[in-house]
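Me: I'd like to go slowly through one part of a model today. Here is what I'm looking at, so please keep the chat informal and the cut-offs explicit.

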Amino acid sequence: MMRYRENKTTGGLALGEHAVFSRRQMLVTGIAATALAGCSKAPGSVFRTAEFHPASYPTSLAITEMGRLMEGYSDGRLSIKLYAGSQLGAERDTLEMTTFGGIDINRVSLGPLNSIEPMTNILGLPFLFNNVAHMRDAMDGAPGRKVLRSLEPHGLIGLCFYDSGARSFYNTKRPIRTPEDMAGMKLRVQNSDLYVSLIQELGANPTPMSLGEVYQSLVQGVIDGAENNWPSYFEGRHFEVAKHYSLTRHVIAPEVLVMSRQLWERLTASEQEIVRKSARESVPYMRKLWDLKTLDAEKTIRASGVEVNEVDDQQAFVERVQPVWRDYIETPAQRRLIDEIAEIGADHA
Ligand code: GTR
């Protein structure tokens with residue numbers, strides 16, 4: 001088990017802010033320069049792929065599997081070089097690099113995409129999906145395809161969705177049973193306006209920062225808690241410090257695998273098909289690993305003495321966050337997407 005690396009220089013940096021570049025950022029910039037220098041991806045391309053989580057995490061293993069499939073389908077011409085464990089930087093920075101071709105493929109959560117494309121906000125709406133099966137069906141169907149396509153004007157080709165389970169709150173203070181228990185808590189959120197609003201509506205104080213900073217911030221008392229799924233709560237060792245995990249299951253947003261559009265346009269049609277097919281086929285593999293990892297993380301966390309609790313009444317949380325729905329649904333396309341997702345939800349009541 002490894003603790004997520006800290007990313008103090010890159011985390012929380014708004015675009016346009018000045019920064020002293022870390023070695024990692026310079027590496028990223030170097031990769032970008034190399035990628036941009038090449039005008040075409042010749043046969044024998046190795047796609048540089050960014051992943052925040054360690055190489056043993058389900059998303060990393062799924063990307064590795066995708067690379068294996070791609071190599072097979074292309075007789076060894078196309079492959080993946082995975083930079084796992086946040087080697088290329090915080091998600092928001094690597095995402096930016098991907099949009100202008102500095103990184104070929106990237107696995108990101110929806111949070112950093114929220115400020116780029118409003119359709120991604122919909123998948124992050126609290127209590128949108130009834131359960132994980134609902135989310136999977138919706139992402140395998142028309143709603144998923146719509147959201148993936150919405151990324152194209154932003155320099156990204158959406159390849160597939162991976163799982164991220166249900167996110168719940170953990171903290172160092174007390175069990176959260178009602179929204180009132182959250183009053184005044186300092187909670188880390190992803191750098192996303194939507195998630196900031198969500199925490200505010202629940203009466204807590206949102207502190208946006210990168211995931212790599214959470215462990216230290218919990219130890220130092222900079223924050224009281226955060227929210228995430230079982231595997232991330234486990235993998236970052238946050239459970240060793242924040243010993244109350246309250247199962248609000250407020251967001252079941254999936255994660256996305258994206259390719260730089262600049263690279264995509266340099267591939268032949270048959271190479272594009274191989275990339276899409278390999279990404280698609282890595283999804284069931286990822287889901288199997290995800291389910292196992294979730295069970296395993298939950299078991300270890302419970303055995304470690306963490307106090308896990310169900311909330312008294314989930315509806316009380318649902319009601320508190322209604323303003324988030326009101327504020328973040330702005331266009332007819334977003335409304336249609338919600339309707340389509342709700343229709344699929346009828347089979348998952
Ligand atoms: C995890 C996700 C990461 C990261 C993280 C976060 O569940 O897999 O990509 O976005 O959450 O909270 O920042």
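How much area does the protein expose, and what share of it do carbon and sulfur atoms supply? After that, could you take a close look at helix α14 (residues 332–345) and what it packs against, then carry on to whatever else is worth a look?

Reply: Sure, housekeeping before chemistry. You have a predicted model here: local features need pLDDT of at least 70, side-chain atom pairs count only at pLDDT 80 or more, and totals for chains, interfaces and linings use all residues. Residues are numbered from 1 along each chain as its sequence is written, and side-chain values use heavy atoms, with hydrogens and water left out.

Now your area question. The protein exposes about 14200 Å², and carbon and sulfur atoms supply 52% of that (areas by the Shrake-Rupley method with a 1.4 Å probe; for residues, only the protein chains shown count as cover). Of its 349 residues, 58% count as buried (buried is under 20% relative accessible area, exposed is over 50%, partly exposed is in between, with a 1.4 Å probe and protein chains only). The protein has 14 helices and eleven strands (DSSP runs numbered from the N terminus: helices are H or I with at least four residues, strands are E with at least two). Take the contacts between residues at least 6 apart in sequence: 76% of them join residues at least 24 apart (contact means heavy atoms within 4.5 Å).

On to α14. Two packed helices are described by the angle between their axes and the distance between the axes. Helix α5 (residues 132–140) and α14 have axes that come within 9 Å and cross at roughly 125 degrees (axes are lines fitted to C-alpha atoms, for helices over the stretch in contact, and angles run from 0 to 180 degrees between N-to-C directions). So α5 and α14 are oblique to each other (under 35 degrees is roughly parallel, over 145 roughly antiparallel, 65 to 115 roughly perpendicular, and the rest oblique). The crossing of α5 past α14 is right-handed (the near helix is turned clockwise from the far one by less than a right angle; anticlockwise would be left-handed). On the α5 side, the contact uses His-134, Asp-137 and Ala-138, while α14 brings Ile-341, Ile-344 and Gly-345. By type, that's three nonpolar, two polar and one charged (Ala, Val, Leu, Ile, Met, Phe, Trp, Tyr, Cys and Pro are nonpolar; Asp, Glu, Lys and Arg are charged; the others, Gly among them, are polar).

Helix α6 (residues 142–150) packs on α14 as well, at an angle of about 150 degrees with the axes 9 Å apart. That makes α6 roughly antiparallel to α14. Ala-142, Pro-143, Lys-146 and Val-147 of α6 meet Arg-336, Leu-337, Glu-340, Ile-341 and Ile-344 of α14. The tally for α6 with α14 is six nonpolar, no polar and three charged. Ile-341 and Ile-344 of α14 therefore turn up in the contact with α5 and in the contact with α6. An α-helix has 3.6 residues a turn, so residues three or four places apart point the same way.

Elsewhere there's another helix pair. Helix α2 (residues 58–73) and helix α11 (residues 269–303) pack at about 145 degrees, axes 8 Å apart, and their crossing is right-handed. The contact includes Leu-61, Met-66 and Tyr-73 of α2, and Tyr-285, Met-286 and Trp-290 of α11. By type, the α2–α11 contact has 14 nonpolar, three polar and four charged residues.

The stretch around α3 (residues 91–99) deserves a look too. Glu-91, Asp-93, Thr-94, Leu-95, Met-97 and Thr-98 are the buried residues of α3. Ahead of that helix, the loop between β2 (79–83) and α3 holds Ser-86 and Ala-84. Ala-84 counts as buried at 9% relative accessibility, and touches Glu-51, His-53, Pro-54, Ala-55 and Ser-60, leaving aside residues up to four places away in sequence. The C-alpha atoms of Ala-84 and His-53 are 5.9 Å apart, with their positions 31 residues apart along the chain. Just after α3, Gly-101 has a positive phi of about 90 degrees. Further on, Ile-103 lies in the loop between α3 and β3 (105–109) and is buried, at 0% relative accessible area.

Finally, backbone oddities. Most residues other than glycine have a negative phi. Ser-86, not a glycine, has a positive phi of about 65 degrees, and at 2% relative accessibility it counts as buried. Arg-237 isn't a glycine either, and has a positive phi of about 60 degrees. Arg-237 sits in the loop between α9 (230–235) and β9 (244–251), and at 24% relative accessibility counts as partly exposed.
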